[in-house]
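Dear colleague,

I am handing over the structure we spoke about, and what I found in it follows below. Please read the notes with the coordinates open beside you.

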Amino acid sequence: MYTHVKDILRMAKESNTSVIAFICMDYVMARTVVCAAEKTNTPALVMLYPEHVTIQKTTGLKGYAESVKELAAQVKVPIGLHQDHDYTYESIMRAVDAGFESVMMDGSMHSLEENIAMTKRVVAAAHARGVCVEGEIGHVGTAAVADNKNEDLFTKPDAAALFCRETGVDSLAVSIGNAHGEYKETPHLDIERLDAIHAVTDVPLVLHGGSGIPDDQLLIAFSHGVNKFNLGTDFLRNYFKAVQDYSREFDAVQDPVKIINMPEYVQAKLQPWVENRMKTLCRF
Ligand SMILES: [Zn+2]
């Protein structure tokens, strides 16, 4: 059932757990998430990374929103649609026009004042249209350069409180020892800092850079205020592996038409991993 992200985040907050937002670059990934959610009876978010439209062109903006809503309408479990990291008012409004009712405004690379001003503008326009906004304070950097260990980038609790008050964001991405992509070594989340942020804010907190953080740390974070958890790299890796399996199993020269069975084959390989993530991490 297509459900507003705001309602799914409220459910997660009430259950003291986290919904998983899966980065889905195309219909196969989105369909896999929706089917896994239905099978495990776990609410989930299908999340678009805007560059998959603008740079890699694996999907269209409006078509993505419509196909996720169509998939969601076929199941009973709540499914939300969210657009990940976007950086300008104009492109966020394009996503809203295309049917996204939940977006992220990431101004975390700017000064606190600029980040507040940019995010506040997006929130005002988005709320007027019933759209919820995720902001980011501190900066979730890149795992490949060990940004997860750079405390200069970590979220400061007083800045988080000010940011939420000034902007009116609906959820907040935090930097607490997490980073995007492949970690060089096992990351360690700063749970004390998370508690301090949670104590002075009242919106659901969001953890980016979810691939590679051990499950025990994730479960602690989810019971300490994190209600949305972004998973991209691991999902893409498993998708890639499933495509490799398919190409090993079938020969294009022998039977070129076999390509039409690839989505179904790949989904069958991929879905158990998604179900496992939901069953292990979500406690709705
Ligand atoms: Zn992110």
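**Barrel and zinc site**

In this predicted model, 8 strands close into a barrel in the order 1-2-3-4-5-6-7-8, and the pairing is parallel. Neighbouring strands of this sheet are turned against each other by 30° on average, with direction ignored. Helix 1 (residues 5-14) packs on the sheet, where the strands it touches are strand 1 (19-23), strand 2 (44-48), strand 3, strand 4, strand 5, strand 6 and strand 8 (226-231), and the direction of helix 1 makes about 100° with that of strand 3.

As one example of the pairing, strand 4 (residues 102-105) and strand 5 (residues 132-137) run parallel and are joined by 3 bridges; S102 has C132 in strand 5 as its bridge partner.

The model also holds a zinc ion, which is coordinated by H85 through NE2, H180 through NE2 and H208 through ND1, at 1.9 to 2.0 Å. Two of these donors, H85 and H180, link distant parts of the chain, since H85 lies in strand 3 (residues 79-86) whereas H180 lies in the loop between strand 6 (171-174) and helix 8 (191-200), 95 residues apart. Along the sequence, the spacing of the donor residues reads H-x94-H-x27-H.

How buried or exposed are these two histidines, H85 and H180? H85 counts as buried because its relative accessible area is 5%, which is under the 20% limit, whereas H180 counts as partly exposed because its relative accessibility is 27%, a value that falls between the limits of 20% and 50%.

With best regards

Note on methods: Residues are numbered from 1 along each chain as its sequence is written. This is a predicted model: local features need pLDDT of at least 70, side-chain atom pairs count only at pLDDT 80 or more; totals for chains, interfaces and linings use all residues. Side-chain values use heavy atoms; hydrogens and water are left out. Donors are N, O and S atoms within 2.8 Å of the metal (3.2 Å for Na, K and Ca); water is not among the atoms, so sites may look incomplete. Helices (H or I, at least four residues) and strands (E, at least two) are DSSP runs, numbered from the N terminus. Buried means under 20% relative accessible area, exposed over 50%, partly exposed in between (1.4 Å probe, protein chains only). Two strands pair if DSSP finds at least two bridges between them. Axes are lines fitted to C-alpha atoms, for helices over the stretch in contact, and angles run from 0 to 180 degrees between N-to-C directions. Contact means heavy atoms within 4.5 Å.
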